[in-house]
Amino acid sequence: MDEKLFIKRLVVGSLSANCWIVGVESSGEGLVLDPGGNGEEISRAIDESGLDIKLIILTHGHSDHIAALYDIQGKTGAEVAIHNSDADFLEGLGSYSSQFGISYKTPHPPDRLLHEGDCLTIEGLSLKVIHTPGHTPGSISLYTPGKVFTGDTIFRRGIGTTMMPGSSRSQLLNSIHTKLMHLPDETVIYAGHGRETTIGAERRDNPYVNGKRDNSYW
Ligand SMILES: [Zn+2]
Ligand SMILES: [Zn+2]
């Protein structure tokens, strides 16, 4: 697929998560990845983009990636997709949920539960779901040739924390080595926090990936 893409990064919430607005210029369709806070700012950016938002994708269920989901669901009416194993993060008991000190309106239940190999499609763009568990059981990466959105699995020179309930360090490293590191070097990584990087740069310079840092004590 050789469509021209619009990719905008918004840094949202108290934990500075990346919310990505992705659109296809030729079709005018778009998606929002990880509406983690600052709902009004995301809404404004959607309006400015002129995109017709068809999908909201969550790389995982942590509050810093979903805190503005309720607002963006309400604004766009778009379908919400999350991996099956992280869906229970979206089940709130009251009208407000709280996690990591972030309190947010409990979103409506997801429309689509994802599994490894699924494809998420808007007109002109298809993203393949790569299940990359470890940071959370249902963490996913989303791949289209040349680009991968990794959530909190891998960052520029870092990896996601596994200090949380449900996290697994060995699973996280396994996801990185057996899945992400099989992607071509030139693939740009759009991570859940921080700036873009590439698979090749992380293969070479990420101490958690290239074996320079001893991971055994985690
Ligand atoms: Zn997270
Ligand atoms: Zn995060």
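The site of the zinc ion (ligand 2) is irregular, with angles of 91 to 153° among its 4 donor atoms; four donors count as tetrahedral if all angles lie between 85 and 135 degrees, four count as square planar and six as octahedral if opposite donors are over 155 degrees apart and all others between 65 and 115, and anything else is irregular. This description rests on a predicted model, in which local features need pLDDT of at least 70 and side-chain atom pairs count only at pLDDT 80 or more, whereas totals for chains, interfaces and linings use all residues. Residues are numbered from 1 along each chain as its sequence is written, chains are lettered from A and ligands numbered from 1 in the order in which they are written, and side-chain values use heavy atoms, with hydrogens and water left out.

Coordination of the zinc ion (ligand 2) is provided by Asp64 (OD), His65 (NE2), Asp152 (OD) and His193 (NE2), at 2.1 to 2.2 Å. Donors are N, O and S atoms within 2.8 Å of the metal (3.2 Å for Na, K and Ca); water is not among the atoms, so sites may look incomplete. Along the sequence, the donor residues of the zinc ion (ligand 2) are spaced D-H-x86-D-x40-H. Asp64 and His65 are both buried, a class that denotes under 20% relative accessible area, with exposed meaning over 50% and partly exposed in between (1.4 Å probe, protein chains only).

The zinc ion (ligand 1) has as its protein donors His60 (NE2), His62 (ND1), His135 (NE2) and Asp152 (OD), which lie 2.1 to 2.4 Å from the ion. The spacing of these donors along the chain is H-x1-H-x72-H-x16-D. The site of the zinc ion (ligand 1) is irregular, the angles among its 4 donor atoms being 89 to 171°. His60 and His62 are buried. A distance of 3.5 Å separates the zinc ion (ligand 1) from the zinc ion (ligand 2), and Asp152 coordinates both.

One of the residues in contact with the zinc donor His60 is Ser139. Ser139 is located in the loop between strand 10 (125-131) and strand 11 (140-144); helices (H or I, at least four residues) and strands (E, at least two) are DSSP runs, numbered from the N terminus. Ser139 has a relative accessible area of 1% and is therefore buried. Besides His60, Ser139 touches Thr59, Asp86, Ile130, His131, Thr132, Pro133 and Thr153, not counting residues up to four places away in sequence, where contact means heavy atoms within 4.5 Å. The side chains of Ser139 and Thr136 are joined by a polar contact of 2.7 Å. A polar contact is a pair of N or O atoms within 3.5 Å; within protein, one must be able to donate a hydrogen and the other to accept it, and residues adjacent in sequence count only if both atoms are side-chain atoms.

Ile189, in strand 15 (residues 188-191), has 0% relative accessibility and so counts as buried. With residues up to four places away in sequence excluded, Ile189 touches Val148, Thr150, Ile154, Glu196, Thr197, Thr198, Ile199 and Glu202. Glu123, in the loop between strand 9 (119-122) and strand 10, is exposed because its relative accessible area is 53%. Apart from neighbours within four places in sequence, Glu123 is in contact with Val24, Ser27 and Glu29. Glu123 and Asn210 are 87 residues apart in sequence, with a C-alpha to C-alpha distance of 37 Å.

Positive phi values occur at residues other than glycine. For Ser16, which is not a glycine, phi is about 50°; this residue is in the loop between strand 1 (5-12) and strand 2 (17-24) and, at 38% relative accessibility, counts as partly exposed. Asn38 has a positive phi near 50°, lies in the loop between strand 3 (29-33) and helix 1 (39-49), and is partly exposed at 36% relative accessibility.

For the protein chain overall, the secondary structure comprises 5 helices and 16 strands. Its radius of gyration is 16 Å, in agreement with the value near 17 Å for a compact globule of 218 residues; this radius is taken over C-alpha atoms, and the globule rule is 2.2 Å times the number of residues to the power 0.38. The C-alpha trace spans about 45 × 45 × 30 Å along its principal axes. Of the 218 residues, 53% are buried. Among contacts with a separation of 6 or more, 58% are between residues 24 or more positions apart.
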